[in-house]
Amino acid sequence: MKTNNVRAAAAETLLAVMDKGTSLSEALPKAQLKIAAKDHALLQEMCFGAIRFFPKYDAITNQLLTKKLKGKQRVFHHLIIIGIYQLEEMRIPQHAAVAETVQAAVSLKAQGLKGLINACLRNFMRNRDALFAKISNPVTDFSHPSWFIKRVQEAYSENWQDILNANLERAPMWLRVHTNNVSTAQFCDALEEAKIEYSQPLADKNAILLASPKPVDKLPGFEQGWFTVQDGAAQHAAHILAPQDNDVILDACAAPGGKTCHILDLANCQVTAADIDQTRLDRVTENLTRLSEQATLVCGDLTIPATLPDTLYDRILLDAPCSATGVIRRHPDIKWLRRSEDIDNLAHVQKDILKTLWARLKPGGTLVYATCSILPSENRDLMAAFLSSHADAKLIPIDTPLNTLESEKNPGWQILPSEHSMDGFYYCRIQKQQ
């Protein structure tokens, strides 16, 4: 349906994600095609925000409606949620938020529901505190599903609330200077000339944290390959792998290619970038081309040994498929689309890929296991079991002042969401004994 109305497009996006299980990364671009480009940022804010805090606004909407909206009318349930989100979280004047949300019903071919939408939003404004007072429970209070709250509580008994609250924040924008194309000093000069505020909070000064996110085409040197957008936590991967000149390296599960390009920026080495998804692998090609780098690309299932060339690698980076529970602030739909049983299934895939790749590592070689998960079953527990079952595997602790808890019993470095402004990430480095 062509709506040309940003609030109608937002309601349709919520319907696709929350009722039909479509990912936000798939639903949002389709919704953007229906509205003017000038409204894309507004649409994104409404969708991200409403999904981020969905349980409480959903519960409020259920109170406002005397009869549930079902079937084709379900989209108007989500339109009311979009209206409440504007009233609660955005700097849109109340009269404008209500009037524009009511008007969206017309765009959705439901002139007759204008009165209902208007009545619900005005009822919300009159009785806000009383409505909120009736919905307090862990799911609405923390805006996470109960299974995830329980897992985080079990894993992080002392700071579980901090982790959940961090997931509700807006993610910052990190850049990595690609030093094969420009020096860090030159890039920083260009940022300052463009009056773009930034900081360099990590030991690696090529990691740039912007004071506020910007479209990449508004930053200096994007087309020239001066930088790539990459979270600060993800930028540790290549440094922990520590590539050397002439190394033969495998970047497994490589898409979209940020780590591949970083490895090539650090050393004059041969890199094979492998991924199961050809569409995602096409993005690796785009990034390599823009940054003027070269790698061998392989598309296939890495749980099957025959997928890879008959090669032994000096170093392997495995950014394993995972729950992505460390990047919920960037992808708030993850917490609603993921199920508890998915975690065990992912752990089996992670073990299978690890087994395949270990056989392709040279004696004396280094493997770095990484995920963007915060769950121990995908990280610490999995690597502890691998180390105990492989006599030829030795833990090589990650030497950084930020990694203070690693030991033989607690292998790896777990970064939690928002820690030093970074995403949640896990790294473990192991060496294959001669």
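Which residues in α5 meet which residues in α7? The model on the screen is predicted, and the tour begins with this pair of helices.

**Stop 1: helices α5 and α7**

Select residues 74-89, which form helix α5, together with residues 114-133, which form helix α7. From α5, the residues in contact are F76, L79, I80, G83, I84, L87 and E88. They meet I117, C120, L121, F124, M125, R128 and F132 in α7. By class, this contact of α5 with α7 comprises 11 nonpolar, 1 polar and 2 charged residues.

Two packed helices are described by the angle between their axes and by the distance between those axes. Here the axes of α5 and α7 come within 10 Å and cross at roughly 55°. The helices α5 and α7 are therefore oblique to each other. Their crossing is right-handed.

**Stop 2: helices α6 and α7**

Keep α7 selected and add residues 94-107, which form helix α6. The axes of α6 and α7 lie 8 Å apart, and the packing angle is about 155°. Because angles over 145 degrees count as roughly antiparallel, α6 is described as roughly antiparallel to α7. The crossing of α6 and α7 is right-handed.

To display the contact, select Q94, V98, T101, V102, Q103, A105 and V106 in α6. Then add K114, I117, N118, L121, R122 and M125 in α7. The residues of this contact of α6 with α7 divide into 7 nonpolar, 4 polar and 2 charged.

**Stop 3: helices α2 and α3**

Move next to helix α2, residues 24-32, and helix α3, residues 40-52. Their axes come within 10 Å and cross at roughly 145°, and the crossing of α2 and α3 is right-handed. On the α2 side, the contact is made by L24, L28, A31 and Q32. On the α3 side, select H40, L43, Q44, C47, F48 and I51. The contact of α2 with α3 has 7 nonpolar and 3 polar residues, with no charged residues.

**Stop 4: an open sheet**

In what order do the 4 strands of the open sheet lie? The order is β2-β3-β1-β4, and the pairing is antiparallel. The edge strands are β2 (198-199) and β4 (227-229), each of which pairs on one side only. In general, the strands of a sheet pair through backbone hydrogen bonds.

Now select β1, residues 174-177, and β3, residues 207-210. Strands β1 and β3 pair in the antiparallel sense over 3 bridges. Within this region, find W174, which stands opposite L209 in β3.

**Stop 5: an aromatic pair**

The model contains 10 aromatic pairs. One of interest here consists of W358 and F386: their ring centres are 5.4 Å apart and their planes lie at 85°, so the pair is edge-to-face. This pair links distant parts of the chain, as W358 belongs to helix α16 (residues 340-358) and F386 to helix α17 (residues 380-389), 28 residues apart.

**Stop 6: two backbone details**

Most residues other than glycine have a negative phi, and most peptide bonds are trans. The following two places depart from these patterns.

Select A255 and P256, which are joined by a cis peptide bond with omega of about 5°. P256 is found in the loop between β5 (248-252) and α13 (258-266).

Finally, select S418. Although S418 is not a glycine, its phi is positive, at about 75°. S418 is located in the loop between β11 (413-415) and β12 (425-432).

Notes
Residues are numbered from 1 along each chain as its sequence is written. This is a predicted model: local features need pLDDT of at least 70, side-chain atom pairs count only at pLDDT 80 or more; totals for chains, interfaces and linings use all residues. Side-chain values use heavy atoms; hydrogens and water are left out. Axes are lines fitted to C-alpha atoms, for helices over the stretch in contact, and angles run from 0 to 180 degrees between N-to-C directions. Helices (H or I, at least four residues) and strands (E, at least two) are DSSP runs, numbered from the N terminus. Angles under 35 degrees count as roughly parallel, over 145 as roughly antiparallel, 65 to 115 as roughly perpendicular and the rest as oblique. A crossing is left-handed if the near helix is turned anticlockwise from the far one by less than a right angle, and right-handed if clockwise. Contact means heavy atoms within 4.5 Å. Ala, Val, Leu, Ile, Met, Phe, Trp, Tyr, Cys and Pro count as nonpolar, Asp, Glu, Lys and Arg as charged, and the others, Gly among them, as polar. Two strands pair if DSSP finds at least two bridges between them. Rings of Phe, Tyr and Trp (its six-membered ring) pair if their centres lie within 6.5 Å; planes under 30 degrees apart count as stacked, over 60 as edge-to-face and the rest as tilted.
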